[in-house]
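Subject: The structure we talked about

Hi,

Here is the structure I promised to pass on. Have a look at it first, and then read my notes below with the viewer open.

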Amino acid sequence: MYNVIIYARVSTLIQAEQGYSIDAQLEDCRKKAQELGATNIEEYIDRGKSGKFLERPELQKMLYNIKHSETNYDALIIYKLDRLSRDSMGLAYIIKILQQNNIKIISTDGAHYGTNPQDILIMQMMGSISEFENALRKERSIRGKIEKRRQGKIDKVKKYGFIYNNKKKNFDINKEEAEIIKKIFNWFTEERIGAFKIAKRINKLKIPTPLPSKNIHIWHENTIRGILRDESYAGTMHTMKYKFEKISIKKIKKTIRPKSEWIDVSVPAIVEKITWEKAQEILNDNKNNKRNTKNIWLLQGLVLCNICKKPMYIKQTITKSKNTNNKVFYFRCRTKIYNHAGLPEKCDARSVQVNVVEDLVWNTLLKIFYSKETLEKYLKRNRKENTENILLEELITKRQTLLNKKNTITDWFLDGKLEEDIATEKLNKLNMELDTLNLRIKMLKKNATKQPATIESLYNKFHEVNNPDREKKKEIIQSVDKIYLERLDDTNGKYCVPKLKLNIILY
Ligand SMILES: [Zn+2]
């Protein structure tokens, strides 16, 4: 019995025209298989469409089957070694899997690549050569790009507020969207409304989002901040800003090139330079303020709304005064922040000042941890139940899919098949999805993997330090799994003492 796999790939139209076509590859490969006396042939074919989002699902399927199927494959037939992977890192990865399964690589020109060290070295060298050719090609394409930009031309790319003009290879202003941009800058610099409130305001007006997709159909504060930071709106678009590098089979490094390497292209301005600069000042101020208060939130990520069981987020109240040192922060139910399609209606939960909750939680913990007996008694009533494991697995699979997509985009970018701006746009979108996913996985993992701690260790951890500072307190509070919070009173004002219902769940 001779089990053979055939893998064929065509990535661009150009290659197809150069006689690399899938049919030609397959014909050669099948012939080879017959020569070898194969009795069982499996075929995996990846067809590419230039410029479109692409994956190599068949290659992945093939590797999966090699690893998991019961068939013992003898050989993999390919047209040329570069069909497998264009970079040596990817090739090394594929070879490793083939090697582990004792599968020979045979190319249609008759070259055999076995599994001995010499052959592996030759294969890796060939991979390096094809990688080098790619680098050359990329450099040439970058030089062409630079020339194009110097002439004031940009790549076709979607940017909110603009329409790409194919003739002049630059933007025209999209009047409707430009109005929104102007409003955003005006609200931010003149009325001093924060990015979060602006997003909320725009969502209320039901204005379509810059990048509509299945999952993202509301404006986020980050979208707003992205717009405020974007100098294109003041007439200067920075291009060649990012560099993508593949540092391992799964990791892509996106780095900012030194400013001297950026190429500025003039585009039609939507707001005045002076307005844009003012926005930068405010943004930088905010950033510095945020940095100072970072790490001191004892309960961040732990507090859930007792009414709807959704997370409560820390939000700053918008105070009319310009005194930045007098900020008040509140825990606010998520449904009151992002109230958009897909989420339940706003719940009735009232917001509670963060410091009030922190004090109450700490004092409650002091009571619970008063002695080992009090702790044991509390745990008997309040230990959390372990579910959610299946969901976690699903999310992890989904994350892998997204990571693969990212990988593919980088592949395509590195191969010179995808413009930088389009790659950036796609990667940004994926990163946004990944961020959300990672956060959920992190939350679930925290629940699923931690073994319930012993009373002894919980108690000791709590009493380790006599007068814990905030940092130490935060560490101690990590033994809290979640806190359900509900405000029961109906008083108003900064100085009234709210009546709170609290349910602390320990690990
Ligand atoms: Zn709620």
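Let me start with a charge and a ring: the charged end of R201 sits over the ring of W187, 4.7 Å from its centre. A second case of this kind involves K315, whose charged end is placed over the ring of F196, 4.4 Å from the ring centre. Please keep in mind that this is a predicted model, and that every value here is computed from it.

Now the overall picture. The chain has 507 residues, and 41% of them are buried. Its secondary structure comes to 15 helices and 17 strands. Take the contacts between residues at least 6 apart in sequence: 67% of those join residues at least 24 apart.

**Aromatic rings**

How many aromatic pairs are there? The count comes to five. One of them is F162 with Y233, which is stacked, with 5.7 Å centre to centre and 5° between the planes. F162 belongs to strand 6 (residues 162–165), while Y233 is in the loop between helix 8 (221–229) and strand 8 (236–239), so this pair ties together parts that are 71 residues apart in sequence. Are these two rings' residues buried or exposed? F162 has a relative accessibility of 6%, so it counts as buried, and Y233 is buried too, at 2%.

Then there is Y164 with F171, an edge-to-face pair with 6.4 Å centre to centre and 85° between the planes. Both Y164 and F171 are buried. Put these together and you get a cluster: ring pairs link F162, Y164, F171 and Y233.

The backbone around Y164 and F171 is worth a look as well. Strand 6 runs antiparallel to strand 7 (residues 170–173), and four bridges join them. Within that pairing, Y164 stands opposite F171 of strand 7, so to speak of the edge-to-face pair is also to speak of two residues facing each other across strands. The two strands form a hairpin with four residues between them, and K169 in the turn has a positive phi of about 50°.

**Two open sheets**

Which order do the strands take in the sheet with mixed pairing? This open sheet has three strands, in the order 12-16-17. Strand 12 (303–305) and strand 17 (500–506) are its edge strands, each pairing on one side only. On average, neighbouring strands here are turned by 25° against each other, direction ignored. Strand 12 and strand 16 (residues 480–487) run parallel and are joined by three bridges. If you want a landmark in that pairing, find C305, which stands opposite L485 of strand 16. Helix 10 (residues 354–368) lies across strand 16 and strand 17, and runs at about 55° to strand 17.

The other open sheet of three strands has the order 13-14-15, and its pairing is antiparallel. Strand 13 (312–316) and strand 15 (352–353) stand at the edges with a single partner strand each, so one side of each has no neighbour in the sheet. Strand 14 (residues 329–333) runs antiparallel to strand 15, with two bridges joining them. In that pairing, F331 has V352 of strand 15 as its bridge partner.

**Cysteines**

How many disulfides does a search of the whole structure find? The search finds zero. As for individual cysteines, C308 counts as partly exposed at 23% relative accessibility, whereas C333 is buried, with a relative accessible area of 1%.

**One more residue**

Finally, please click on I103. I103 is found in the loop between helix 4 (88–100) and strand 4 (104–107), and is buried, with a relative accessible area of 2%. D74 is 29 residues away from I103 in sequence, yet the two are 5.1 Å apart in space, C-alpha to C-alpha.

That is it from me. Shout if anything is unclear once you have it on screen.

Cheers

How values were computed: Residues numbered from 1 in each chain as written. Predicted model: local features only at pLDDT ≥ 70, side-chain atom pairs only at ≥ 80, totals over all residues. Heavy atoms only, no water. Pairing = 2+ DSSP bridges. Axes fitted to C-alpha atoms, helices over the stretch in contact; angles between N-to-C directions. Contact = heavy atoms within 4.5 Å. Disulfide = S-S within 2.5 Å. Buried < 20%, exposed > 50% of the residue type's maximum accessible area, 1.4 Å probe, protein only. Phe/Tyr/Trp six-rings, centres within 6.5 Å; stacked < 30°, edge-to-face > 60°. Lys NZ or Arg CZ within 6 Å of the ring centre and 35° of its normal.
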